[in-house]
Amino acid sequence: MFITSTGLTDHGISPQRQAPAVVRHSFGYSNMNNQLKNISICDECNSEYYSDTSQMTRLCPECSHVLYGYENCQHEFANGRCIKCFWNGNSSDYIKGLKEKQQKKSERILYVVDFFRTKYGATNILINDHWESDAEATGLTDRSGQFLAYISTISGKDNNYYLALENPSTDNQLPYSPAGEFDNLILEELESLLTKHLKLAD
Ligand SMILES: [Zn+2]
Ligand SMILES: [Zn+2]
C-alpha cells in the first residue's frame, strides 16, 4: 500500500492531485461567487435562498416582501427553484393567509397603504387589519403596535379618505381608545394626520 506525503492512504484517488483542485475551487468561489452563493434559510417559509437577494437577514425576498414590504425578487422558476433568489416557492400558512387577505383588498386601499409604507418605511408602518372582510379598509400601526390608524376608502371616490385614530388603551377593557375621526380627507391631509399619529418623520 502506497502512503502519500500527506499521510493519507492512496485508494486509487491521489490526494496530492486532488488537493490543489479543491483549493483552487474554493478560492474562485470566495473571490467571485461567494456573495451570490451564500445560502440562508428563511425563518418564515424554511426555504433556502441566496442571502444577498434579500434585504432582511433571516427572511427570503418573498417573505420579507409580504411581511414587511421590502422589494421582492422577480422570481423566475426552473426545476422548482427561483433561479435568481433560490426560493423554493413554498409559503407558510401565515403568509398564504396574508396574501389571500391582500388579494381581497381594493386597489384604492392597497395604493394608499403602499404609498405610506414606501415613503416612510415598511418597518415603521405595520399592517394591523381587524377588518379583513372589508375590501375598502385596513388598519395601520406604528412599529410598537400601540398607535392604530384605521383608513377607509369606502366613499368610492378617488383621493377621498376616512380616518379613525386610536391611542393605546387607558384601561384594560379595550386595546385602544379613540383619538379622533376624520372624513373626506385628501391624501395630503391624511398623510399629515397619519404621520403625526404614528410618529413618522419625513
Ligand atoms: Zn421565506
Ligand atoms: Zn426569486
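Two strands count as paired when DSSP finds at least two bridges between them. With that in hand, a good place to enter this predicted model is the pairing of β7 with strand β8, residues 161-168, where 5 bridges join two antiparallel strands. Within this pairing, Ile 151 has Leu 163 of β8 as its bridge partner, and Ala 149 is matched in β8 with Leu 165. Tyr 150 stands opposite Ala 164 of that strand.

Stepping back to the whole protein chain, the model contains 5 helices and 9 strands. Read from the N terminus, these elements follow the order α-β-β-α-β-β-α-α-β-β-β-β-β-α. The chain has 202 residues, of which 21% are buried. Of the contacts between residues at least 6 apart in sequence, 34% link residues at least 24 apart. Confidence should be kept in mind while looking around: the mean pLDDT is 81, with 82% of residues at 70 or more. Over residues 1-35, by contrast, pLDDT stays under 50, and the model has 13 contacts beyond four places in sequence for this stretch.

The strands described at the outset belong to an open sheet of 5 strands, ordered β5-β6-β7-β8-β9 and paired in antiparallel fashion. Its edges are β5 (126-127) and β9, each of which pairs on one side only. Moving inward, β6 and β7 run antiparallel and are joined by 5 bridges, with Gly 139 placed opposite Tyr 150 of β7. These two strands form a hairpin with 6 residues between them, and in the turn Gly 145 has a positive phi of about 80 degrees. On the far side of β7 comes β8, already met above through its 5 bridges. From β8 the sheet continues to strand β9, residues 176-185, through 6 bridges in an antiparallel arrangement. Here Asn 167 stands opposite Ser 177 of β9.

Strand β7 deserves a closer look. Since 5 of its 5 residues are buried, the strand is largely enclosed by the rest of the structure. Leu 148, Tyr 150 and Ser 152 point one way from β7, while Ala 149 and Ile 151 point the other way, and all are buried.

Helices accompany this sheet. Helix α4 lies across β5, β6, β7 and β8, and runs at about 15 degrees to β6. Helix α5 also packs on the sheet, where it touches β7, β8 and β9, and its direction makes about 10 degrees with that of β8.

The largest nonpolar core has 18 residues, and those touching the most other members are Val 112, Leu 140, Ala 149, Ile 151 and Leu 198. Two or more residues each are contributed by α4 (107-120), β6 (137-141), β7 (148-152) and α5 (187-197). Leaving aside residues up to four places away in sequence, Ile 151 touches Val 112, Ala 137, Thr 138, Leu 140, Tyr 161 and Leu 163. Another core lies apart from this one and has 12 residues, including Tyr 49, Cys 60, Cys 63 and Val 66.

That second core leads to helix α2, residues 61-68, whose buried residues are Pro 61, Glu 62, Cys 63, Ser 64 and Val 66. These buried residues pack against β2 (48-50) and α3 (93-104). Just after α2 comes Gly 69, with a positive phi near 75 degrees.

Helix α3 offers a contrast in its surroundings. Of its 12 residues the number buried is 0, so this helix lies largely in the open. Its length can also be checked: at 1.5 Å a residue, the 12 residues of α3 should span 16 Å, and the end C-alpha atoms are 17 Å apart, which agrees.

Definitions and conventions: Residues numbered from 1 in each chain as written. Chains lettered and ligands numbered in written order. Predicted model: local features only at pLDDT ≥ 70, side-chain atom pairs only at ≥ 80, totals over all residues. Helix = DSSP H or I, 4+ residues; strand = E, 2+ residues; numbered from the N terminus. Buried ≥ 20, exposed ≤ 12 C-beta atoms within 10 Å, placed from the backbone. Contact = placed C-beta atoms within 7 Å. Core = buried A, V, L, I, M, F, W, Y, C linked by C-beta atoms within 7 Å. Expected span 1.5 Å × (residues − 1). Axes fitted to C-alpha atoms, helices over the stretch in contact; angles between N-to-C directions. pLDDT = per-residue confidence, 0-100.
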